[in-house]
Amino acid sequence: MAELNTGDGGGGKGGKVRSKKQNSKVDLTAMVDLAFLLITFFMLTTTLSKPQSMPLGLPAKPKPTDPKPPVVKTDQRRTVTVILGANDQIKWFHGLLATPEVGGSPTTTDYSKDGIRKELLKRIKSVPEVMGDKNKGLIVIIKPTKKSTYKNLVDILDEMAICKVPTYAIVNEFTPEENKLAEEINK
């Protein structure tokens, strides 16, 4: 049992003997129990921060007996290819690598707001104007290399969400020309 002492009441002054006062005692056991009950209650009822995730639709893994899916061709004026490399570097180009669109030749950048985000925002506005149809927006093809990190992939997916890119895909197949670009940024 816990006690609270307020002093012994005995004075050591002179020769007079005074009657001793009883020490007042306060039982703190109930207060300690209440404190632990409150701590337990708030620990159990508090909602912890829930992890935030971005929905990512992945295709089902094909069976060996399934026919190969048809190759989908898109207008090169709508596509931007982003190759993720080592050391937080990105190599991107607009259109086809052999015949890039105006201002879309292969360029190295980073994940900053003045890097890939600036280019994506510019293309999001210009592509529907070039296509003449607001429903035909930008398509971004994300190609992570073996030297890129998981953080790089998450960062580029965040950029897709921030820039509100209507259509994007993660592709792990590289053409020989794209392999050369990947080697440049993986040095």
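These are my notebook entries on a sheet, a surface patch and one residue in a predicted model.

**Entry 1: the sheet.** I looked up the strand order first. The sheet is open and has 5 strands, ordered 3-2-1-4-5, with mixed pairing. I then checked the edges. Strand 3 (107-109) and strand 5 (167-170) stand there, and each has a single partner strand, so one side of each lacks a neighbour in the sheet. From one strand to the next, the twist averages 25°.

**Entry 2: one strand pair.** I took strand 1 (residues 79-84) and strand 2 (residues 90-94). They pair in the antiparallel sense, over 5 bridges. Across this pair, Val82 of strand 1 stands opposite Trp92 in strand 2.

**Entry 3: the helix on the sheet.** Which strands does helix 3 touch? I find that helix 3 (residues 150-163) packs on the sheet and touches strand 1, strand 2, strand 4 (139-144) and strand 5. Its direction makes about 170° with that of strand 4.

**Entry 4: Thr108.** I went back to strand 3, where Thr108 has its place. Its relative accessibility is 38%, so I log Thr108 as partly exposed. I set aside neighbours within four places in sequence and listed the contacts of Thr108: Gln89, Ile90, Lys91 and Ile185. Thr108 and Ile185 are 77 residues apart in sequence, yet 7.8 Å apart in space, C-alpha to C-alpha.

**Entry 5: a nonpolar patch.** I turned to the surface. Val32, Phe36, Ile39, Met43 and Leu44 make a nonpolar patch of about 580 Å². I followed up Met43, which lies in helix 1 (residues 29-45). Is Met43 buried or exposed? Met43 counts as exposed, because its relative accessibility is 63% and the cut-off for exposed is over 50%.

Definitions and conventions
Residues numbered from 1 in each chain as written. Predicted model: local features only at pLDDT ≥ 70, side-chain atom pairs only at ≥ 80, totals over all residues. Heavy atoms only, no water. Pairing = 2+ DSSP bridges. Helix = DSSP H or I, 4+ residues; strand = E, 2+ residues; numbered from the N terminus. Axes fitted to C-alpha atoms, helices over the stretch in contact; angles between N-to-C directions. Contact = heavy atoms within 4.5 Å. Patch = residues over 30% accessible without salt bridge, like charges linked within 9 Å, V, L, I, M, F, W, Y side chains within 5 Å. Areas by Shrake-Rupley, 256 points an atom, 1.4 Å probe, with all protein chains shown as cover. Salt bridge = Lys/Arg side-chain N within 4 Å of Asp/Glu carboxyl O. Buried < 20%, exposed > 50% of the residue type's maximum accessible area, 1.4 Å probe, protein only.
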